[in-house]
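Work through the exercises below with the model open. Each one sets a task, then solves it step by step.

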Amino acid sequence: MGVDQGALVVLVTASSQEEALLIGRGVVQKKLAACVTVVPNVTSIFEWEGTVSEEREWLLVMKSHADVYDALESEVKALHSYEVPEVIALSVTKGSSEYLAWVKAMTHVPD
């Protein structure tokens, strides 16, 4: 198992399939994520502005790298409809060295 100290899994929720696909395509096209997996029909329960809500959302699981995280977060926020979108990065501690090398190769900071 290889380790790349900068590999990240970034979680983002979206309000619709269309929004999830827009964000996913956008970050992959800009090379801010190597891959985005869209998981449909998740249920999120959260408090917002004093009210507990239960909403159907789409979960984006982005495979990315710490080198591009700031640009990735900015792009997600620019494309997202939420006032405060979920953008959570988790460090990858173990994984296939070939896959992690591919993630690193496929991501870079835009010019």
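**Exercise 1: Helix H1**

Check the length of helix H1 (residues 17-29) against its expected span.

Solution. At 1.5 Å a residue, the 13 residues of H1 should span 18 Å. The expected span is 1.5 Å times one less than the number of residues. The end C-alpha atoms of H1 are 18 Å apart, which agrees. Helices (H or I, at least four residues) and strands (E, at least two) are DSSP runs, numbered from the N terminus.

A note on the input: this is a predicted model, where local features need pLDDT of at least 70 and side-chain atom pairs count only at pLDDT 80 or more, while totals for chains, interfaces and linings use all residues. Residues are numbered from 1 along each chain as its sequence is written, and side-chain values use heavy atoms, with hydrogens and water left out.

**Exercise 2: The two faces of H1**

Which residues of H1 are buried, and which exposed residues sit on the face turned away from them?

Solution. Step 1: set the classes. Buried means under 20% relative accessible area, exposed over 50%, partly exposed in between (1.4 Å probe, protein chains only).

Step 2: list the buried set. In H1 it consists of Glu19, Ala20, Ile23, Gly24, Gly26 and Val27. They cover an arc of only 165 degrees around the axis, so they lie on the same side of H1. The arc is that of the directions from the helix axis to the C-beta atoms.

Step 3: recall the geometry. An α-helix has 3.6 residues a turn, so residues three or four places apart point the same way.

Step 4: turn the helix over. The face away from the buried side carries the exposed residues Glu18, Arg25 and Gln29.

Step 5: find the partners. The buried residues of H1 pack against strand E1 (7-14), E2, strand E3 (51-65) and helix H2 (69-79). Contact means heavy atoms within 4.5 Å.

Step 6: leave the helix. Lys31 follows H1, and its phi is positive, near 60 degrees.

**Exercise 3: Salt bridges**

How many salt bridges does a search of the whole structure find? Locate the partners.

Solution. Step 1: apply the criterion. A salt bridge is a side-chain nitrogen of Lys or Arg within 4 Å of a carboxyl oxygen of Asp or Glu. The search finds 3.

Step 2: take Lys30 and Glu75. Their side chains meet at 3.2 Å, N to O. The pair links distant parts of the chain, 45 residues apart: Lys30 is in the loop between H1 and E2, Glu75 in helix H2. Lys30 is partly exposed at 43% relative accessible area. Glu75 counts as buried at 13%.

Step 3: take Lys104 and Asp67. Their closest N and O atoms are 2.3 Å apart. This pair also links distant parts of the chain, with Lys104 in helix H3 (residues 97-106) and Asp67 in the loop between E3 and H2, 37 residues apart.

Step 4: take Lys77 and Glu73. The N to O distance is 2.7 Å. Both residues lie in helix H2, 4 residues apart, about one turn of the helix.

**Exercise 4: A nonpolar patch**

Which residues form a nonpolar patch on the surface?

Solution. Step 1: name the members. They are Phe46, Trp48 and Val84, with about 280 Å² of accessible area together. Accessible areas come from the Shrake-Rupley method with a 1.4 Å probe; for residues, only the protein chains shown count as cover.

Step 2: check the rule. Patches are made of residues with over 30% relative accessible area and no salt bridge: like charges are joined within 9 Å, nonpolar side chains (Val, Leu, Ile, Met, Phe, Trp, Tyr) within 5 Å.

Step 3: place one member. Phe46 lies in strand E2 (residues 35-48) and is partly exposed, at 32% relative accessible area.
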